[in-house]
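Please read the following report with the sequence and the 3D structure open beside it. Its topics are surface exposure, paired side chains, surface patches and contacts between distant parts of the chain.

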Amino acid sequence: MITRLYNTEEDPAYCSFIWGANLSSNDLVLGTAANASQVFSNDLRDDIYTDVEDPRTESLRQYCYGLMLPIICSLGIMGNVLNLIVLTRRNMRGTAYIYMRAYSTAALLAIVFAIPFGIRMLVHKDRGQWEEFGPAFYTAHLELFLGNGCLGVGVMMLLVLTIERYVSVCHPGFTRPVMGPPGLVVFLTSFLTFIVYLPSIFRGELIKCMLTPNNVFVYLRRDNTDYQRTLFYSVYKVMLEVIFKLIPTVLIAGLNLRIVLVYRRTCERRRQMVLSRINYVKEDDPRKFAEERRLFLLLGSTSILFLLCVSPMAILHMTIASEVLPSFPFQVFRALANLLELTNYSITFYIYCLFSEDFRNTLVRTIKWPWLKAKLCHYGDEVSASPPTVATATATA
């Protein structure tokens with residue numbers, strides 16, 4: 001039914017070039033060799049790179065998409081599932097936690113969508129060869145749309161969360177939530193993000209070829225270069241990187257730095273007030289200093305990791321084209337950019353556990369690991385009864 005609505009064209013020139021006369025039953029339309037070369041130059045466009053791929057690229061795929069990507073995805077899925085379990089506890093009901101749950105959900109979905117991408121890169125490579133229409137259609141039109149859409153939602157949730165924390169710490173007199181009802185903000189942000197990514201559906205196209213010996217059709221994916229070379233798409237891909245990479249990176253780094261500076265001044269004033277009291281207890285100051293240090297490490301690691309992991313993907317989206325795909329250095333950069341972006345959305349849980357004491361204690365009480373000391377669990381009950389600290393509700397990447 002769907003194949004009637006979506007008509008894939010059979011391109012004899014393209015099919016014969018990829019697999020030779022063994023493939024297309026209509027290759028006789030090519031005529032003489034001179035006519036064939038003329039058709040190739042018009043119809044094959046930039047797909048000729050498929051026969052000049054660097055032989056080292058296959059080993060690179062095996063290591064990156066066959067080994068590293070499954071490890072990163074496994075850690076990311078486990079971490080984000082635990083994130084959602086902890087963030088749905090009764091002591092995690094604030095505005096910030098709603099955005100944190102939305103971020104973890106978007107990150108989890110993005111990692112899930114990365115799995116078929118890794119399989120495609122490992123098995124089908126860039127061009128692909130599918131006998132079923134469904135997987136071919138998904139790869140050509142929905143693979144990047146769904147994956148990048150979820151990543152975009154994650155970036156927006158992180159930005160909104162950072163803004164909420166900035167207002168909470170630096171402008172406590174402002175009415176909160178600043179961005180409006182959190183549930184509505186999450187819905188509208190997610191909806192608008194996927195709307196913005198809709199034009200990316202058309203960046204690929206399917207070509208139908210018929211295997212002569214078996215008389216069965218196979219589907220190949222190639223770039224829709226006519227569309228990608230339009231002025232609209234040239235402006236559009238730059239706009240995407242500015243909205244979902246450049247602006248969030250600058251704002252998150254700047255707001256987090258401002259939060260750290262304001263919080264340090266607040267802690268310093270509290271120290272001076274405590275020092276002026278007669279009943280000063282020496283243990284209070286180290287405890288507050290440790291809290292300040294955890295916040296600094298949390299926000300610092302957030303900004304640095306986001307910058308390092310997201311920037312290569314922004315460069316990749318601006319430079320990827322059929323002309324550069326044969327280059328082995330470009331394939332190395334492409335694989336590293338994909339793995340770094342996945343890593344960025346896979347380590348949130350581990351950053352929370354490392355720098356947020358409230359998060360660790362809630363996790364301990366939720367999972368109830370028997371080998372942990374009962375004293376830690378008891379301390380977690382006491383902490384959960386108090387309001388969450390700034391460090392707990394701060395954005396992470």
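In this predicted model, Tyr350 has a relative accessible area of 30%, and it therefore counts as partly exposed, a class that lies between buried, under 20%, and exposed, over 50%. Its partner in an aromatic pair is Phe349: the ring centres are 5.1 Å apart and the planes stand at 80°, so the pair is edge-to-face. Phe349, with a relative accessible area of 7%, is buried. The count of aromatic pairs in the model comes to 14.

Phe349 belongs to helix H12, where Thr348, Ile351, Tyr352, Cys353 and Phe355 are buried as well. This helix spans residues 348–355 and is mostly covered, with six of its eight residues buried. Phe355 in helix H12 has a relative accessibility of 13% and counts as buried because this value is under 20%. Along the chain Phe355 is 57 residues away from Leu298, yet the C-alpha atoms of the two are separated by 5.9 Å.

Tyr350 also takes part in a nonpolar patch on the surface, together with Tyr63, Leu67, Met68, Ile71, Leu75 and Met78, and these residues have about 660 Å² of accessible area together. Which helix gives the most to the nonpolar patch? Helix H4 does, with six residues. One of the patch residues is Ile71, which lies in helix H4 and is partly exposed, with a relative accessible area of 43%.

Helix H4, residues 56–87, also holds both Glu58 and Arg61, which are three residues apart, about one turn of the helix. Their side chains meet in a salt bridge. The two partners can be compared by their cover: Glu58 is partly exposed, with a relative accessible area of 27%, whereas Arg61 is buried, with a relative accessible area of 2%.

Side chains of opposite charge can pair when their charged atoms come close. How many salt bridges does the count come to? The count comes to five salt bridges, and the table below lists some of them with the distance from N to O.

| Salt bridge | N to O distance |
|---|---|
| Glu58 and Arg61 | 3.5 Å |
| Arg222 and Glu205 | 3.0 Å |
| Asp223 and Arg221 | 3.3 Å |

The salt bridge between Arg222 and Glu205 has its closest N and O atoms 3.0 Å apart. Arg222 lies in strand S3 (residues 216–223) and Glu205 in strand S2 (residues 204–211), so this pair ties together parts that are 17 residues apart in sequence. Are these two partners buried or exposed? Arg222 is buried, and Glu205 is buried too.

Asp223 and Arg221 form a salt bridge of their own. Asp223 has a relative accessibility of 13% and counts as buried, while Arg221 is buried with a relative accessible area of 10%.

A further group of aromatic residues is a cluster in which ring pairs link Phe202, Tyr227, Phe232, Tyr233 and Tyr236. A pair of aromatic rings is described by the distance of the centres and the angle of the planes. Phe232, one of the members of this cluster, has its place in helix H9 and is partly exposed, with a relative accessible area of 48%. Phe232 and Pro199 are 33 residues apart in sequence, and their C-alpha atoms are 9.8 Å apart in space.

Helix H9, which covers residues 231–275, also contains Arg270. Together with Arg258, Arg265 and Arg269, Arg270 forms a positive surface patch. Arg270 is partly exposed, with a relative accessible area of 40%.

The last residue to consider is Tyr6, which lies in the loop between helix H1 (2–5) and strand S1 (9–10). At 23% relative accessibility, Tyr6 counts as partly exposed. How far apart in space are Tyr6 and Phe137, C-alpha to C-alpha, and what is their separation in sequence? The two are 131 residues apart along the sequence and 9.4 Å apart in space, C-alpha to C-alpha.

Definitions and conventions
Residues numbered from 1 in each chain as written. Predicted model: local features only at pLDDT ≥ 70, side-chain atom pairs only at ≥ 80, totals over all residues. Heavy atoms only, no water. Patch = residues over 30% accessible without salt bridge, like charges linked within 9 Å, V, L, I, M, F, W, Y side chains within 5 Å. Areas by Shrake-Rupley, 256 points an atom, 1.4 Å probe, with all protein chains shown as cover. Salt bridge = Lys/Arg side-chain N within 4 Å of Asp/Glu carboxyl O. Lys, Arg positive; Asp, Glu negative; His and termini not counted. Charge placed at Lys NZ, Arg CZ, Asp CG, Glu CD. Helix = DSSP H or I, 4+ residues; strand = E, 2+ residues; numbered from the N terminus. Buried < 20%, exposed > 50% of the residue type's maximum accessible area, 1.4 Å probe, protein only. Phe/Tyr/Trp six-rings, centres within 6.5 Å; stacked < 30°, edge-to-face > 60°.
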